[in-house]
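Open the model in your viewer and keep the selection box at hand. Each stop below says what to select and what is there.

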Amino acid sequence: MENKKQDTASALKDIISHAKEYGFVFPSSEIYDGLQAVYDYGQNGVELKNNLKMVWWKAMTMLHDNVVGIDASIFMHPLTWKASGHVDSFNDPMIDNKDSKKRYRADTLLEERAAQYEAEGKADVGKSLLQKMAKALDAGDLEAVRQIIIDENITCPVSNTANWTEVRQFNLMFSTQVGAVSEDASLIYLRPETAQGIFVNFLNVQKTGRMKVPFGIAQIGKAFRNEIVARNFIFRMREFEQMEMQFFVRPGTEMDWYATWKEVRMKFHQAIGLPASKLKFHDHEKLAHYANAAVDIEYEFPFGFKEMEGIHSRTDFDLKAHQDLSRKKQQYFDPEINENYIPYVVETSVGADRLFLAILCNAYSEEIVGEGDQQKQRIYLNLHPAIAPIKVAVLPLVKKDGLAEKAQEINRSLKFAFNTTYDEGGAIGKRYTRQDLIGTPYCVVIDYQTMEDNTVTVRDRNTMSQERISIADLKEKLGYAVSMERIFEKLLV
Ligand code: ATP
């Protein structure tokens with residue numbers, strides 16, 4: 001059996017069409033020709049995404065005694081975004097090509113050039129280019145950023161010219177009005193990150209939960225960014241979902257916790273099925289205004305290694321800024337050392353949609369099966385059973401002779417424990433294929449022998465091998481095979 005995993009750029013096209021054809025991801029409002037960088041999750045996509053969110057949520061809150069969750073609103077008091085720095089500096093430097101009229105992020109153009117140097121074995125040149133860029137951006141010297149683009153002779157991939165405009169800053173926050181009467185209405189933002197909902201609730205949770213530093217607050221929710229260049233399918237969207245955790249620590253201990261969370265998070269991605277060879281850490285050259293250390297966990301997407309998760313040591317920047325602007329003390333009294341302080345924060349922030357895309361890219365498998373002229377291509381999604389949209393398909397071999405009724409009875413007995421589907425239409429091979437395409441790990445087949453000895457066959461998606469097991473054992477055996485416990489076991493240190 002030849003197993004061919006696609007990893008070329010064209011693989012993304014196959015994944016996008018597979019995602020659409022099998023109910024994972026649709027373009028938003030497609031009947032009106034879609035809305036750029038906005039997508040909807042279909043009947044299988046929502047199950048997969050919910051499973052990813054659940055496994056993250058439980059890995060954070062259930063496995064760590066000192067991490068609890070919240071669910072804050074998307075709208076927040078506008079001063080939140082002043083304190084966080086988003087009003088003044090949540091900008092991307094953009095540059096337009098005058099000939100093609102295409103817009104690019106200036107930093108992305110330079111990062112791509114650095115990656116090109118690295119691929120050519122000139123990592124040092126790439127590194128010093130990134131340092132030069134970081135210096136110019138830190139100094140707010142946009143003319144210098146433009147000059148680096150010119151010096152590097154970077155051209156627009158569409159027009160092939162270097163006829164660039166100035167570099168300008170572009171704020172990524174969406175705003176709208178709140179209030180019934182327009183004169184009274186005030187400007188309000190759609191949150192560009194979920195983290196601030198955690199910071200403003202830090203003391204609420206600490207006090208009501210009697211939490212002791214170090215402790216963490218986790219949250220899953222929508223975030224909105226008016227991305228200049230939206231591309232690569234659900235990798236960069238204008239409306240997306242984040243899974244963030246802010247871990248509050250005693251000042252001076254943050255680097256230890258930063259190292260710990262780096263390892264914990266890397267382990268998580270491997271436990272849900274992403275191979276170590278396709279994951280790597282990437283330290284930030286240019287630190288955000290709030291950070292004293294930052295690293296990305298990158299996944300090798302079909303379009304290269306790109307950020308999937310950010311881990312940041314955020315110091316006391318956010319709590320201090322909220323304290324200053326709200327004039328409400330954000331201090332914690334540490335009984336162990338008898339001191340009041342504003343905790344430092346280590347953040348882990350992963351995009352649910354980027355994780356979904358990584359999982360889908362990794363799962364998409366093509367292989368040639370059969371011998372001689374019986375050879376054919378098989379496509380299946382190699383998803384970890386615990387995150388697959390449907391865990392078990394119950395299939396009567398034929399509809400007659402009581403097989404369908406028996407199968408429905410089995411389906412009823414399993415469906416309270418995990419997601420199942422019942423399918424009696426068409427040849428059994430076709431029904432297997434339908435399940436392979438959406439990543440269902442197990443097919444339970446009810447045949448004539450079932451009617452005699454109460455056994456069924458269980459077909460494994462990846463190996464296509466079949467095992468006969470007793471109906472009485474089905475729920476327990478399959479229950480464990482598809483449970484999130486199997487992921488959690490790999491996370492415990
Ligand atoms: P990028 O450099 O790709 O714009 P970022 O560094 O701005 O990302 P963070 O602010 O650290 O991203 O956000 C944390 C996570 O949220 C990212 O690692 C990513 O998984 C996710 N994320 C950020 N922006 C988007 C987006 N536009 N679409 C989908 N996911 C996103």
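Helices (H or I, at least four residues) and strands (E, at least two) are DSSP runs, numbered from the N terminus. This is a predicted model, in which local features need pLDDT of at least 70, side-chain atom pairs count only at pLDDT 80 or more, and totals for chains, interfaces and linings use all residues. Residues are numbered from 1 along each chain as its sequence is written, and side-chain values use heavy atoms, with hydrogens and water left out.

**Stop 1: L395**

Select L395, which sits in strand 20. Buried or exposed, what is L395? L395 is buried, with a relative accessible area of 0%. Here buried means under 20% relative accessible area, exposed over 50%, and partly exposed in between (1.4 Å probe, protein chains only).

Now show what surrounds L395. Contact means heavy atoms within 4.5 Å. Leaving aside neighbours within four places in sequence, L395 is in contact with D423, I428, R431, Y432, C443, V444, V445 and I446. Add a distance label to R431: its C-alpha lies 8.0 Å from that of L395, with the two positions 36 residues apart along the chain.

**Stop 2: the ligand**

Centre on the ligand. A residue is near a molecule if one of its heavy atoms lies within 4 Å of it. How many residues surround the ligand? There are 16, and the closest are E227, R236, M237, E307 and M308. By type, the shell divides into 4 nonpolar, 5 polar and 7 charged residues. In this count Ala, Val, Leu, Ile, Met, Phe, Trp, Tyr, Cys and Pro are nonpolar, Asp, Glu, Lys and Arg are charged, and the others, Gly among them, are polar.

Colour strand 11 (239-249), strand 14 (304-315) and strand 17 (344-351): each supplies at least two residues of the shell. Strand 14 gives the most, with 5 residues.

Next, draw the polar contacts (pairs of N or O atoms within 3.5 Å; within protein, one must be able to donate a hydrogen and the other to accept it, and residues adjacent in sequence count only if both atoms are side-chain atoms). Three of them involve an oxygen atom of the ligand:

- R236: a polar side-chain atom, at 2.8 Å.
- M308: a backbone N or O atom, at 2.7 Å.
- G351: a backbone N or O atom, at 2.9 Å.

The protein covers 87% of the 590 Å² of accessible area that the ligand has on its own. Accessible areas come from the Shrake-Rupley method with a 1.4 Å probe; for residues, only the protein chains shown count as cover.

**Stop 3: helix 12**

Select residues 352-363, which form helix 12. Its 12 residues reach 16 Å from first C-alpha to last, close to the 16 Å expected at 1.5 Å a residue. The expected span is 1.5 Å times one less than the number of residues. Why does helix 12 count as largely enclosed by the rest of the structure? Because 12 of its 12 residues are buried. Among them are D353, R354 and N362.

**Stop 4: helix 10 and H384**

Move to helix 10, residues 254-271. Its 18 residues span 25 Å, close to the 26 Å expected. Its buried residues include Y258, W261, R265, F268 and A271. Helix 10 is followed by G273, whose phi is positive, near 115 degrees.

From A271, step across to H384, which touches A271, I272, R486 and I487, not counting residues up to four places away in sequence. H384 lies in the loop between strand 19 (376-381) and strand 20 (392-396). At 11% relative accessibility, H384 counts as buried.

**Stop 5: backbone geometry**

Most residues other than glycine have a negative phi, and most peptide bonds are trans. Here are some exceptions to select.

- The V213 to P214 peptide bond is cis, with omega near 5 degrees. P214 is in the loop between helix 9 (202-208) and strand 10 (215-224).
- A37 has a positive phi of about 65 degrees although it is not a glycine. Look in the loop between strand 2 (25-27) and strand 3 (39-41). A37 counts as buried, at 8% relative accessibility.
- N338 has a positive phi of about 55 degrees and is not a glycine either. Its loop runs between strand 15 (332-334) and strand 16 (339-341). N338 counts as exposed, at 59% relative accessibility.

**Stop 6: I188**

Finish in strand 9 (residues 186-189), at I188. I188 is buried, with a relative accessible area of 9%. Beyond four places in sequence, I188 touches F75, M76, F174, S175, T176, Q177 and V178. Label T176: it is 12 residues from I188 in sequence and 5.4 Å away in space, C-alpha to C-alpha.
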